[in-house]
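Student: Let's walk through this one together. Short answers are fine, and I'll jump between topics.

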Amino acid sequence: MGSTTFALILLSLISCNRNTFTAAGGLDEGERLGEYYKRGHTWPPKDEEFVPPSDGWRRIMRRRLAQVRRIEDSGDMYNGWVATVHCALTARNFTEYGWAVTRAPQALINELSSSLHGGMATRQLPIESEHTDCIDAEERPLFHNIGNLDRRALMELRPIAEAWVNHDQQDERVHLIGNNAYGLRIYRRGSRLHMHVDKSSTH
């Protein structure tokens with residue numbers, strides 16, 4: 001599904017909540033809906049439009065769409081639509097259950113935990129410098145630089161991610177290239193991480 005189709009699907013969600021929004025790109029609501037339906041799109045999504053089109057995945061995503069419809073803040077609702085549509089309809093899933101949950105090597109977990117507790121003990125961890133809109137907190141998160149552990153984490157986690165990506169590959173296997181591991185973010189009491197969409201090119 002191309003970026004134009006994704007944008008149209010996303011814009012279609014704006015009118016499905018019985019709220020009033022201004023559509024992007026200079027279209028009024030009538031024009032936007034006309035363009036959307038002219039391209040053969042429907043809402044709610046058809047069974048075969050979910051990726052993958054399995055009963056379990058459709059059930060999970062429809063539950064999430066129902067949750068988004070109950071969000072009261074219009075900005076948070078929009079972000080919820082962006083994240084959920086991307087997850088349900090456009091991003092490829094590499095496992096039967098979408099994102100798979102597994103456990104990192106215990107030795108790596110121990111090293112990261114030790115590094116984190118050592119940094120916390122100094123009581124001098126810096127506040128994360130880059131502002132992230134999807135984090136709602138009275139006190140900004142702290143940041144702990146993990147030093148050479150970033151390279152180790154990339155190397156040890158890559159085979160796990162590759163096994164997940166290639167679970168159904170019979171011929172040509174996908175080989176992953178590590179992008180970055182920049183450290184540990186420490187959320188403070190009362191922090192909320194809102195639904196959001198990461199960059200598919202790096203995440």
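Student: Where is proline 44 placed?

Tutor: Proline 44 sits in the loop between α2 and α3. Helices here are DSSP runs of H or I with at least four residues, strands are runs of E with at least two, and both are numbered from the N terminus. This is a predicted model, where local features need pLDDT of at least 70, side-chain atom pairs count only at pLDDT 80 or more, and totals for chains, interfaces and linings use all residues. Residues are numbered from 1 along each chain as its sequence is written, and side-chain values use heavy atoms, with hydrogens and water left out.

Student: What kind of peptide bond joins tryptophan 43 and proline 44?

Tutor: That bond is cis, with omega at about 5 degrees. The bond from valine 51 to proline 52 is cis too, and its omega is near 0 degrees. Proline 52 is likewise in the loop between α2 and α3. For background, most peptide bonds are trans.

Student: Back to tryptophan 43. Which residue does its ring pair with?

Tutor: The structure has two aromatic pairs. In one of them, tryptophan 43 meets tryptophan 81 edge-to-face, 6.3 Å centre to centre with 85 degrees between the planes. Rings of Phe, Tyr and Trp (its six-membered ring) pair if their centres lie within 6.5 Å; planes under 30 degrees apart are stacked, over 60 edge-to-face, and the rest tilted.

Student: Where do those two tryptophans sit in the chain?

Tutor: Tryptophan 43 is in the loop between α2 and α3, while tryptophan 81 is in helix α4 (residues 74-90). They are 38 residues apart, and the pair links distant parts of the chain. Tryptophan 43 and tryptophan 81 are both buried. Buried means under 20% relative accessible area, exposed means over 50%, and partly exposed is in between (1.4 Å probe, protein chains only).

Student: And phenylalanine 143 with tyrosine 182: how are the planes set?

Tutor: Their planes are at 15 degrees and the ring centres 6.0 Å apart, so this pair is stacked. Phenylalanine 143 is in strand β2 and tyrosine 182 in the loop between α6 and β3, so the contact ties together parts 39 residues apart in sequence.

Student: Buried or exposed, for phenylalanine 143?

Tutor: Phenylalanine 143 is buried at 19% relative accessible area. Tyrosine 182 is partly exposed at 48%.

Student: New topic. How many salt bridges are there?

Tutor: The count is 10, taking a salt bridge as a side-chain nitrogen of Lys or Arg within 4 Å of a carboxyl oxygen of Asp or Glu. One of them joins arginine 62 and aspartate 47, at 2.6 Å from N to O. Arginine 62 belongs to helix α3 (residues 55-69) and aspartate 47 to the loop between α2 (29-38) and α3, so the pair ties together parts 15 residues apart in sequence. Arginine 62 is partly exposed at 36% relative accessibility, and aspartate 47 is partly exposed at 38%.

Student: What does arginine 188 bridge to?

Tutor: Arginine 188 bridges to glutamate 139, with the closest N and O atoms 3.6 Å apart. Arginine 188 is in the loop between β3 (184-186) and β4, and glutamate 139 is in the loop between β1 and β2 (142-144), 49 residues apart.

Student: Which residues form a salt-bridge network?

Tutor: Asp47, Asp55, Arg58 and Arg62 are joined into one network by salt bridges that share partners.

Student: What about aspartate 136 and arginine 192?

Tutor: Their side chains meet in a salt bridge at 2.7 Å, N to O. Aspartate 136 is in strand β1 (residues 135-136) and arginine 192 in strand β4 (residues 192-193), 56 residues apart. Aspartate 136 has a relative accessible area of 33%, partly exposed. Arginine 192 is partly exposed as well, at 47%.

Student: Where does α6 bend?

Tutor: Helix α6 bends by about 35 degrees at arginine 158, and proline 159 follows within four residues. The bend is the angle between axes fitted to the seven residues ending at a residue and the seven starting there.

Student: Which residues of α6 are buried?

Tutor: They are Leu149, Ala153, Glu162 and Val165. The buried residues of α6 pack against α5 (106-122), with contact meaning heavy atoms within 4.5 Å.

Student: Last one. What is odd about the phi of arginine 123?

Tutor: Arginine 123 has a positive phi, about 55 degrees, although it is not a glycine. Most residues other than glycine have a negative phi. Arginine 123 lies in the loop between α5 and β1, and it is exposed at 78% relative accessibility.
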